[in-house]
Amino acid sequence: MADVEACDISDERIDLGSRVTLPKSWHARVSGEQDVPGTITVRVEWDAALGRTAVASAALERDGEGVDITSQMLREVRTHWIMTTSALDVVTVGVGGDDVSDRDRIPVREFLSRMRAAEKRDASEALHDSIAVYRIATAISYPPLKLVADTLKISQSTATRLMTRARDAGLAPEVRIQEPRRAPAVDPYNPGRPYDPAAPHAGPSGPGGPSIGR
């Protein structure tokens, strides 16, 4: 199994709102990738023009003598998967008190599991939770409407209506209603497992409110 490690993490952080922040840049080093006999290093940066994280560069270093890096090996390097997997650990959400000093910063992987464990929400909670999840999706370069739908356990059409409402109300002017990019094979809720929308998702239970009407 491939081992993904974030390193050289920038001290400068980008604030996306909803208490979601991410480093301006970082590197992700990957070893043990199937059919890739070497170490992959990917540099990830926040791209303001794209409105999401992006791969700035990628390199493959062979393990040692007797290995020749070929074009076929380079085609096996999953740069988008590496970027998103590493982002799940370096992108954080502030939870807790109203003051910044009183908040705990938790990885979005944990935050998404908490959001998914909440069975019920009133209309206001659903709107603000959808905004937070949308901003997380742009930070980890994951299709935003898909992540909102999967996390809140609603249809994608309902997710689209929520995000349109958030944009039109000026709560999230950066929202772009469009067909999502293909999702990388990453499960944002279950660490270390391939994405399976039918699988049970790990995460702490949480209190809920009235149903939002799925």
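Strand β4 (residues 25-31) is largely enclosed by the rest of the structure, because 5 of its 7 residues are buried. The model is a predicted one. Two strands pair with β4. Strand β1 (residues 3-7) joins β4 in the antiparallel sense, over 5 bridges. Within that pairing, Glu5 stands opposite Arg29 of β4. Strand β5 (residues 38-47) also runs antiparallel to β4, and 6 bridges link the two. Here Val30 faces Ile40 in β5 as its opposite residue. β4 and β5 make a hairpin, with 6 residues between the strands. Gly32 lies in that turn and has a positive phi of about 80°.

**The open sheet**

Another group of strands forms an open sheet. Its order is β2-β3-β7-β8, 4 strands with antiparallel pairing. Which strands stand at the edges? They are β2 (13-17) and β8 (103-107). Each has a single partner strand, so one side of each is left without a neighbour in the sheet. Neighbouring strands of the sheet are turned against each other by 35° on average, direction ignored.

At one edge, β2 pairs with strand β3 (residues 20-23) in the antiparallel sense, through 4 bridges. Arg13 has Pro23 in β3 as its bridge partner. A hairpin connects β2 and β3, with 2 residues between them. Ser18 sits in this turn, with a positive phi of about 60°.

At the other edge, strand β7 (residues 92-96) runs antiparallel to β8 and is joined to β8 by 5 bridges. Val93 stands opposite Ile106 of β8. Helix α3 (residues 108-117) lies across β7 and β8, at about 95° to β8.

Four strand pairings can be set side by side:

| Strand pair | Bridges | Sense |
|---|---|---|
| β1 and β4 | 5 bridges | antiparallel |
| β4 and β5 | 6 bridges | antiparallel |
| β2 and β3 | 4 bridges | antiparallel |
| β7 and β8 | 5 bridges | antiparallel |

**Ala117 in helix α3**

Ala117 belongs to helix α3. Is Ala117 buried or exposed? Its relative accessibility is 19%, so Ala117 counts as buried. The cut-off for buried is under 20%. Ala117 and Lys153 are 36 residues apart along the chain, and their C-alpha atoms are separated by 9.7 Å.

**The nonpolar core**

The largest nonpolar core holds 56 residues. Which of them touch the most other members? They are Val91, Ile136, Ile140 and Leu147. Helix α4 (residues 123-140) gives this core its largest share, 9 residues.

Ile140 can be followed further. Leaving aside neighbours within four places in sequence, Ile140 is in contact with Thr53, Thr84, Ala87, Leu88, Val91, Val108 and Leu147. Val91 and Leu147, two of these contacts, also appear with Ile140 among the core residues that touch the most other members.

**Aromatic rings and charges**

How many aromatic pairs does the structure hold? The count is 0. Rings do have charged groups over them. The charged end of Arg78 sits over the ring of Trp81, at 3.9 Å from the ring centre. Likewise, Arg116 places its charged end over the ring of Tyr189, 5.4 Å from the centre of that ring.

Definitions and conventions: Residues are numbered from 1 along each chain as its sequence is written. This is a predicted model: local features need pLDDT of at least 70, side-chain atom pairs count only at pLDDT 80 or more; totals for chains, interfaces and linings use all residues. Side-chain values use heavy atoms; hydrogens and water are left out. Buried means under 20% relative accessible area, exposed over 50%, partly exposed in between (1.4 Å probe, protein chains only). Two strands pair if DSSP finds at least two bridges between them. A nonpolar core is a set of buried Ala, Val, Leu, Ile, Met, Phe, Trp, Tyr and Cys residues joined through side-chain atoms within 4.5 Å. Contact means heavy atoms within 4.5 Å. Rings of Phe, Tyr and Trp (its six-membered ring) pair if their centres lie within 6.5 Å; planes under 30 degrees apart count as stacked, over 60 as edge-to-face and the rest as tilted. A charge sits over a ring if NZ of Lys or CZ of Arg is within 6 Å of the ring centre and within 35 degrees of the ring normal. Axes are lines fitted to C-alpha atoms, for helices over the stretch in contact, and angles run from 0 to 180 degrees between N-to-C directions.
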